[in-house]
Amino acid sequence: MDGSARLINVYDPSGGTERVRFNLANGQIDADGDVVGYSTLISDIRLKNNIQPLNDSLEKVLKLRGVSYNRKKNGELHIGFIAQEVEKIIPEVVVEKKLPLEADPSILYKTIHYQEIIPYLTEAIKEQQKIIDVQKKEIEDLKEKIKIISKKLNIWKWEQKLSIYYFLL
């Protein structure tokens, strides 16, 4: 434990590489690898104020570009977003943090609060559903109009046949 910065560092015993760092001063945990566990986010309305609905969620989600990429540090394949691109669309989900287990621990790197994109996805689905419902209604209305026109066309065809028949008599 580093007493001055209140850090607990965990090293890989086989290679001496730092794998986990606990910062007791700010509560940040950095890990170079998977973190497996159970986590929750504060969601109780009693702990919130200034609650506002999300706007233009579908438009924002459509601008997001999902990518696959390899981490420079270890070559591992991952799927996600590019923080700089997301920041232009949904800036409130991108934060800058020092990542002490990366190449340069003094640099601020952009990170994404992925869990905070979920409400945008939810609202985008609801916006799409409204569009789908309107389109379903329009399709049903058009089907009904086609039936009416088709009936009128069939009547007209019979009238034409009858008029030709009467003409030939």
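These notes cover the nonpolar core, one aromatic pair and two buried charged residues in a predicted model.

1. **Core membership.** The largest nonpolar core has 13 residues. Those touching the most other members are Leu64, Val86, Ile90, Val93, Val94, Ile112 and Ile117. Three helices, α1 (57-63), α2 (83-89) and α3 (118-168), each supply at least two residues of this core. The largest share comes from α2, with three residues.

2. **Val93 within the core.** Val93 is one of the residues that touch the most other core members. Beyond four places in sequence, Val93 touches Val86, Thr111, Ile112, His113, Glu116 and Ile117. Val86, Ile112 and Ile117 are also among the best-connected core residues. Polar and charged side chains appear in the list too: Thr111, His113 and Glu116.

3. **The aromatic pair.** How many aromatic pairs does the whole structure hold? A search finds one. Its partners are Phe81 and Tyr114. The centres are 5.8 Å apart and the planes differ by 15°. The pair counts as stacked because planes under 30 degrees apart fall in that class.

4. **What the pair connects.** Phe81 sits in the loop between β5 (77-80) and α2. Tyr114 sits in the loop between β7 (108-112) and α3. The two are 33 residues apart in sequence, so the pair ties together separate parts of the chain. Tyr114 is partly exposed, at 38% relative accessible area.

5. **Asp30.** This residue lies in strand β3 (residues 29-31). Asp30 is buried, yet has no salt bridge. Which side chain of opposite charge is nearest? It is Arg21, 5.8 Å away. That pair is not a salt bridge because the cut-off is 4 Å. Asp30 does have a polar contact of 2.9 Å, side chain to side chain, with Gln28.

6. **Surroundings of Asp30.** Leaving aside neighbours within four places in sequence, Asp30 is in contact with Arg19, Val20 and Arg21, and also with Lys98, Leu99, Pro100 and Leu101.

7. **Arg21.** Is Arg21 buried or exposed? Its relative accessibility is 17%, so Arg21 counts as buried. Arg21 belongs to strand β2 (residues 18-23). Its side chain makes a polar contact of 2.8 Å with the side chain of Glu18.

8. **Surroundings of Arg21.** Not counting residues up to four places away, Arg21 touches Leu7, Ile8 and Asn9, then Gln28, Ile29 and Asp30, and finally Pro100 and Leu101. Asp30 likewise contacts Pro100 and Leu101. Gln28, the polar partner of Asp30, is also touched by Arg21.

Definitions and conventions. Residues numbered from 1 in each chain as written. Predicted model: local features only at pLDDT ≥ 70, side-chain atom pairs only at ≥ 80, totals over all residues. Heavy atoms only, no water. Core = buried A, V, L, I, M, F, W, Y, C linked by side-chain atoms within 4.5 Å. Buried < 20%, exposed > 50% of the residue type's maximum accessible area, 1.4 Å probe, protein only. Helix = DSSP H or I, 4+ residues; strand = E, 2+ residues; numbered from the N terminus. Contact = heavy atoms within 4.5 Å. Lys, Arg positive; Asp, Glu negative; His and termini not counted. Polar contact = N/O pair within 3.5 Å; in protein donor to acceptor, adjacent residues only side chain to side chain. Phe/Tyr/Trp six-rings, centres within 6.5 Å; stacked < 30°, edge-to-face > 60°.
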